[in-house]
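Grab a pencil and work through the exercises below with the model open beside you. Each task comes with a solution that goes step by step.

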Amino acid sequence: MLYDVHTYDVMPLSVPELERAVAEVLPKRVAISPLAGFWHTEAGPLNQIIHIWPYENTAHRTASRAIMQSRNIWGELNAEFVVNMHQDIYLPAPFMRPLAEANLGPIYEMRTDMYRPADIPNVIEAWGNEIERRENYSPLVGAFRSDGGTMNLWTHIWAYESFEQRMRIREETRAKSIWPPRISAVPLHQESKILMPAEFSPLQ
């Protein structure tokens, strides 16, 4: 399994209109391959849209994208609103459950850490040892390492019922030394985004 993560920077105030346009076209797109999640940023880098597409493997991704392009599914879909597009390919951590339709939010936090190349395996091992205790507080939506696009990234997505719950869990898990897991590797860069799902997102 691999995940294709698209990040679009869009013009201010354009997110609602763009999401409405995507909703109209989406049935034709998901007939080719499923959508895992579609969000817009609420905090962090603003005016971003993030959508994640799962594929069985690279061959499945290549075939699906070829069909999509041959049918011109997206066409010129509100292209004037899109300022920048970025795409990364991610592989799931061994302990991650496949992304599936669920009501876990409505608040999602997407955190991305950049490490030195040799550190990623150690990060995955440390997380695997402690993730069960952390999930007693809120569900892990996904944990992935990048395998295309920007390299050496460790991205994890968490779901919360509210902003208040997020802060309470972060404070409690830190106070009890439950999370983050202890690891010698230090990130070179960190980024956090608070996401809200579009009405049509399988993950709500």
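**Exercise 1.** Find the loop that holds Asn-72, then work out whether Asn-72 is buried or exposed.

*Solution.* Start with the place: Asn-72 sits in the loop between helix 2 and strand 4. Helices here are DSSP runs of H or I with at least four residues, strands are E runs of at least two, and both are numbered from the N terminus. Before going on, note that this is a predicted model, where local features need pLDDT of at least 70, side-chain atom pairs count only at pLDDT 80 or more, and totals for chains, interfaces and linings use all residues. Residues are numbered from 1 along each chain as its sequence is written, and side-chain values use heavy atoms, with hydrogens and water left out. Next, accessibility: buried means under 20% relative accessible area, exposed over 50%, and partly exposed in between (1.4 Å probe, protein chains only). Asn-72 has 52%, so it is exposed. Now check the backbone: Asn-72 has a positive phi of about 50° although it is not a glycine.

**Exercise 2.** Do the same for Ser-177: which loop is it in, and what is its relative accessibility?

*Solution.* Ser-177 belongs to the loop between helix 4 and strand 8. Its relative accessibility is 43%, so Ser-177 counts as partly exposed. The phi of Ser-177 is positive too, at about 55°, and again this is not a glycine.

**Exercise 3.** Track down the cis peptide bonds that lead into Pro-106 and Pro-180.

*Solution.* Keep the background in mind: most residues other than glycine have a negative phi, and most peptide bonds are trans. The bond from Gly-105 to Pro-106 is cis, with omega near 20°. Pro-106 lies in the loop between strand 4 (82-92) and strand 5 (107-114). The bond from Trp-179 to Pro-180 is also cis, with omega near 5°. Pro-180 is in the loop between helix 4 (163-175) and strand 8 (189-197).

**Exercise 4.** Describe the surroundings of His-51: which residues does it touch, not counting residues up to four places away in sequence?

*Solution.* First, locate His-51 in strand 3 (residues 48-55). Its relative accessible area is 6%, so His-51 is buried. Then list the contacts (heavy atoms within 4.5 Å): leaving out residues up to four places away in sequence, His-51 touches Asp-4, Val-5, His-6, Tyr-8, Leu-35, Gly-37 and Phe-38. Finally, a polar contact of 2.9 Å joins the side chains of His-51 and Trp-53. Such a contact is a pair of N or O atoms within 3.5 Å; within protein, one must be able to donate a hydrogen and the other to accept it, and residues adjacent in sequence count only if both atoms are side-chain atoms.

**Exercise 5.** Which residues does Arg-65 touch, with the same kind of sequence cut-off of four places?

*Solution.* Arg-65 is in helix 2 (residues 58-70). Beyond four places away in sequence, Arg-65 touches Asp-4, His-6, Tyr-55 and Gln-87. For a distance check, Arg-65 and Glu-135 are 70 residues apart in sequence and 34 Å apart in space, C-alpha to C-alpha.

**Exercise 6.** Zoom out: how many helices and strands does the protein have?

*Solution.* Count four helices and eight strands. Along the sequence they follow the pattern β-α-β-β-α-β-β-α-β-β-α-β. As for burial, 48% of the 204 residues count as buried.
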